[in-house]
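Please look at the model below with its internal spaces, its helix packing and its strand pairing in mind.

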2 protein chains.
Amino acid sequence: MEREIRTLRAVEEMRSFPAKRPLGFVPTLGYLHEGHLSLVRRAREECSTVVVSVFVNPLQFGPGEDLARYPRDPEGDTALAEEAGADILFVPEAVELYPEDFKTEVRVRGLEDVLEGAARPGHFAGVVTVLAKLLNIVGPDRMYMGQKDAQQAFLVRRMIQDLNFPTCLVVCPTVREPDGLAMSSRNVYLNKEERVAATAIPRALFAARDTGSTDPDTLEKTVREALHLEPLVSLEYACANDAATLGPIIPETREVLLSLAAHVGKTRLIDNVLIKR
Amino acid sequence: MEREIRTLRAVEEMRSFPAKRPLGFVPTLGYLHEGHLSLVRRAREECSTVVVSVFVNPLQFGPGEDLARYPRDPEGDTALAEEAGADILFVPEAVELYPEDFKTEVRVRGLEDVLEGAARPGHFAGVVTVLAKLLNIVGPDRMYMGQKDAQQAFLVRRMIQDLNFPTCLVVCPTVREPDGLAMSSRNVYLNKEERVAATAIPRALFAARDTGSTDPDTLEKTVREALHLEPLVSLEYACANDAATLGPIIPETREVLLSLAAHVGKTRLIDNVLIKR
């Protein structure tokens, strides 16, 4: 059966599209890479209709962040999404999603101001607000997100459950370059030297995991020390949390989320590993 | 055709109910009166399935408010809802809607801290959060609310539009007792003397409307002076706003919302009138 991807831009067009169920949905900021495409392929395996959205959501960028220069490639995205099996590329316009009198905010209280949320005030409110909108517009049975944005997946799952959205969140493993660097649209910002230096990030995380310890101090210290050796990488935070709560590790913790943010030159990257206990 | 109302309590039961479309939804705190029933009848006229929810939402009551003593009458509600044409009474449990790890909040920023919102901090966040949940659980095509809670209707409409819920909000006129008092479950709190005194509230609003003025000072002063004559009624606020924005009245204002809150004994009542310009 031949497929041809359709690009929809208007909310009403997307809403009224006669999708076959189950409908799988992959929300993205565009500039698609293998990480996104792994989500699209998984959705294709599990769903009758696959929708990929491309929307650089201004609400989740803080002042001074890279909203204006965030990489974009509409033609590349279309070709890649189609090849990975998407039926629809939904490319809404900011002016339609956020009209002048837009005033509603969705927040996951208490969990949005740790880790990435502490570093990026308002970021997660922007993420869960736009996803509440997209869930209502697209109406998916299953939504696919990557483990690379661990806290995002955690908060979105909480929001879906708390607001009773009839959608199941599927979180897929981080896809990495052959040298270990987690796929990210922001990797394009790195120059050659920085790109090499950035591989220290996954190496540090793997080294911590390979200690066999699940003690937060040991894990964090291992990451810190490993990255300290790489002059082009400046660690912002490295933190070990209970993966089930994002809170501190306690005797009952069954899985540890070791996550970090680091600057490589001017580029801010995040990564994480899960460690069973 | 004989109808028999069904009472559903579990979220999953409600969600999977095979409703015929369009589905009309009347969310209530229970203790149904003619105001609610006018919404149910309107839904019955316009929809193939009519769902009435009864949930005294703890999230929208502040500390010191009347959550614990809010009037309840499950049997009366069932009989009245059935008589008015409801197919389903959805009576969720707080423990299912708000599990211990519940953390999500929906807010309509900037409009929740004026009028009723100023008097009841957190109230409207509680209202729009529970309605976002109920919209996802019930999945109505049309939701029916009363004009008596004018600011509530305004904020819920904003939330529905902002979050792209596929639901149309229908706001129905305030239903009044023969002597003018707006129907409210809280009227049951009034003793005989207070009940008589409370009729000064709609009289004051009608007197302001009947001045023929749409000047906010004139309208507010008329209400203030009229209620000042009734010793059992203590005015909390009377405010004239642009009905389309809830902001101040400006040259472009086409309809004025004149709203008030007043205490009659220990009972806090609200009411409003719309005045064309």
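The report below takes up the basis of the model, then a sheet, a helix pair and the cavities.

## Basis of the model

This is a predicted model, in which local features need pLDDT of at least 70 and side-chain atom pairs count only at pLDDT 80 or more, while totals for chains, interfaces and linings use all residues. Residues are numbered from 1 along each chain as its sequence is written, chains are lettered from A and ligands numbered from 1 in the order in which they are written, and side-chain values use heavy atoms, with hydrogens and water left out.

## The sheet of chain A

In chain A, six strands (DSSP runs of E, at least two residues, numbered from the N terminus) form an open sheet with parallel pairing, in the order β1-β4-β3-β2-β6-β7. Its edge strands, each pairing on one side only, are β1 (6-8) and β7 (168-172) of chain A, where pairing requires that DSSP finds at least two bridges between two strands. The twist from one strand to the next averages 25°, an angle that, like the others here, runs from 0 to 180 degrees between N-to-C directions of axes fitted to C-alpha atoms, for helices over the stretch in contact.

Three bridges join β1(A) in the parallel sense to strand β4 (residues 88-90) of chain A, and R6(A) stands opposite I88(A) in β4(A). Helix α7 (residues 150-162) of chain A packs on the sheet, where it touches β6 (142-146) and β7 of chain A, and its direction makes about 170° with that of β7(A); helices are DSSP runs of H or I, at least four residues, and contact means heavy atoms within 4.5 Å.

## A helix pair in chain A

Helix α2 (residues 34-46) and helix α3 (residues 74-84) of chain A have axes that come within 8 Å and cross at roughly 35°. From α2(A), L37(A), V40(A), R41(A) and R44(A) meet L80(A), A81(A) and A84(A) of α3(A).

## Cavities

There are two cavities of 30 Å³ or more, a cavity being a set of points on a 1 Å grid over the protein atoms alone where a 1.4 Å probe fits but cannot get out, with lining residues having an atom within 4 Å of a point. The largest holds about 60 Å³ of space, and its lining includes K148(A), N187(A) and D271(A), with the largest share, three residues, coming from strand β10 (residues 267-276) of chain A.

The second largest cavity has a volume of about 50 Å³, a volume being the space filled by probe spheres set on the points, which are joined across faces, edges and corners. Among the residues that line the second largest cavity are K148(B), M183(B) and D271(B), and strand β10 (residues 267-276) of chain B gives the most to this lining, with three residues.

Terms used: On a 1 Å grid over the protein atoms alone, a cavity is a set of points where a 1.4 Å probe fits but cannot get out, and a pocket is an open set with protein on both sides within 12 Å along at least five of seven lines; lining residues have an atom within 4 Å of a point.
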